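Me: I have a structure in front of me and would like to learn how to read it. Could we go through it feature by feature?

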Amino acid sequence: MADDFLEAVVDMEATFHQRGIDDGQRFGREKGLAEGNCMGMTKGGEVGLEVGFYFGTVKMWLSLAAVQPALFPFRKLSKVTRLLELLEDLDVFDPRSDIAVEKLHLIRARYKAVLSQLSLHQYFNKQDSDSTMSL
């Protein structure tokens, strides 16, 4: 009788221990998914703002080149056009892919190169999504 009682207590301890592990893992998964979703939305928004900034700037340069072609000789215009092609080719629906990350790094580098070619000093400010340009 005493052995049955002790065995029941030991089994109860193991049962509660396993239940605690299961509850902790479930809570951890739920919390991790919620935090991951929040962080993904935040980081995705930041990347979206940056890519949108580059895209809008390139479109503005192309519009300016159409109005005043003397500002954009062929060599400069071809670099701007190539940057636009990179932006349009960027896969925004699978940002976790290594290819998308590499393309984003390439876009940043090409953007800086185009700025240098155009003798502009422009930057994207991630803090308040405001940018400035100076000649």
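## Reading the chain

Reply: Start with the whole chain: of its 135 residues, 19% are buried. Keep in mind that this is a predicted model.

Me: What does the secondary structure of the chain come to?

Reply: The chain has three helices and two strands. Read from the N terminus, the order of the elements is α-α-α-β-β.

Me: How much surface does the chain expose?

Reply: About 10100 Å² is exposed, and 60% of that area is supplied by carbon and sulfur atoms. Contacts give another overall view. Counting contacts with a separation of 6 or more, 55% are between residues 24 or more positions apart.

Me: How do I check the length of a helix, taking α3 as the case?

Reply: Multiply 1.5 Å by one less than the number of residues. Helix α3 covers residues 98–117, which is 20 residues, so a span of 28 Å is expected. The C-alpha atoms at its ends are 29 Å apart, in agreement with that value.

Me: Which residues of α3 are buried?

Reply: A residue counts as buried when its relative accessible area is under 20%. In α3 these are Ala-100, Leu-104, Ile-107, Tyr-111, Val-114 and Leu-115. Looking down the helix axis, the buried residues of α3 fall within an arc of 95°, so they line one face of the helix.

Me: Which exposed residues does the face turned away from the buried side of α3 carry?

Reply: That face carries Asp-98, Ile-99, Glu-102, Lys-112 and Ser-116. Just after α3 there is a backbone detail to look at: Ser-119 has a positive phi of about 60°.

Me: Where is Thr-57, and what does Thr-57 touch?

Reply: Thr-57 sits in helix α1. Its relative accessible area is 5%, so Thr-57 is buried. Leaving out residues up to four places away in sequence, Thr-57 touches Tyr-111 and Gln-122. Tyr-111 is one of the buried residues of α3.

Me: Now the charged side chains. How many salt bridges does the structure hold?

Reply: The general idea is that side chains of opposite charge can pair when their charged atoms come close. This structure holds seven salt bridges. One of them joins Lys-103 and Asp-89, whose closest N and O atoms are 2.7 Å apart. Lys-103 belongs to helix α3 and Asp-89 to helix α2 (residues 74–89), so this pair ties together parts 14 residues apart in sequence. Asp-89 has 46% relative accessibility and therefore counts as partly exposed.

Me: Which residues are joined into one network by salt bridges that share partners?

Reply: Asp-23, Arg-26 and Glu-30 form that network. Take its two links in turn. Arg-26 and Asp-23 meet through their side chains at 3.0 Å, N to O. Both lie in helix α1 (residues 2–67), three residues apart, which is about one turn of the helix. The other link is between the side chains of Arg-26 and Glu-30, at 4.0 Å, N to O. Arg-26 and Glu-30 are four residues apart in helix α1, so about one helical turn separates them.

Me: What does the relative accessibility of these three residues say about them?

Reply: Partly exposed is the class between buried, under 20%, and exposed, over 50%. Arg-26, at 41%, counts as partly exposed. Asp-23 has 36% relative accessibility and is also partly exposed. Glu-30, at 48%, counts as partly exposed.

Technical notes. Residues are numbered from 1 along each chain as its sequence is written. This is a predicted model: local features need pLDDT of at least 70, side-chain atom pairs count only at pLDDT 80 or more; totals for chains, interfaces and linings use all residues. Side-chain values use heavy atoms; hydrogens and water are left out. Buried means under 20% relative accessible area, exposed over 50%, partly exposed in between (1.4 Å probe, protein chains only). The arc is that of the directions from the helix axis to the C-beta atoms. Contact means heavy atoms within 4.5 Å. Accessible areas come from the Shrake-Rupley method with a 1.4 Å probe; for residues, only the protein chains shown count as cover.
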